Amino acid sequence: MTTAANQSAVVVGVDGSDAALGAARWAAEFAAAHALPLTLLHAIPRLDWHFARVDPPAHDEETGDRVLAAAETAVRSA
């Protein structure tokens, strides 16, 4: 029996930058060449910002969705 825990996969983090989109395209080509699944990941740290002298980054669920959608479009077009 095979489980997800012992299967290889390619995971790439994206943050909306051009460099991250390039990394996503590279990861997609690598995954396709090796018949591996590809996972796009966008994470937002949950920090307690009361100690900081700056405002926390403006991220919300919609921002993450837009970042992932842009990465998916870049990957599918490659």
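This note describes a β-α-β crossover and the residues along its helix.

1. Basis of the note. The structure is a predicted model, in which local features need pLDDT of at least 70 and side-chain atom pairs count only at pLDDT 80 or more, whereas totals for chains, interfaces and linings use all residues. Residues are numbered from 1 along each chain as its sequence is written, and side-chain values use heavy atoms, with hydrogens and water left out.

2. The two strands. Strand 1 covers residues 10–13, and strand 2 covers residues 38–41. Helices (H or I, at least four residues) and strands (E, at least two) are DSSP runs, numbered from the N terminus. The two strands pair in the parallel sense over four bridges; pairing requires that DSSP find at least two bridges between them. Val11 of strand 1 stands opposite Thr39 in strand 2. Between these strands the chain passes through helix 1 (residues 18–33), and the resulting β-α-β crossover is right-handed. That term applies if, with the strands pointing away from the viewer, the path from the first strand over the helix to the second runs clockwise.

3. The helix and its two sides. Helix 1 has 16 residues and reaches 23 Å from its first C-alpha to its last, close to the 22 Å expected at 1.5 Å a residue. The expected span is 1.5 Å times one less than the number of residues. Buried residues of helix 1 are Ala20, Leu21, Ala24, Ala27, Ala28 and Ala31. Seen down the helix axis, the buried residues fall within an arc of 120°, so they line one face of helix 1; the arc is that of the directions from the axis to the C-beta atoms. On the other side, Asp18, Ala19, Trp26, Glu29 and Ala33 are exposed. Buried means under 20% relative accessible area, exposed over 50%, and partly exposed in between (1.4 Å probe, protein chains only).

4. The aromatic pair. Which two residues form an aromatic pair that is stacked? A search of the whole structure finds one aromatic pair. Trp26 and Phe30 form this stacked pair, at 5.4 Å centre to centre with 20° between the planes. Rings of Phe, Tyr and Trp (its six-membered ring) pair if their centres lie within 6.5 Å; planes under 30 degrees apart count as stacked, over 60 as edge-to-face and the rest as tilted. Both residues lie in helix 1, four residues apart, about one turn of the helix. Trp26 is exposed at 57% relative accessibility, while Phe30 is partly exposed at 32%.

5. The residue after the helix. Ala35 lies in the loop between helix 1 and strand 2. Its phi is positive, about 50°, although Ala35 is not a glycine. Most residues other than glycine have a negative phi. Ala35 is exposed, with a relative accessible area of 70%.
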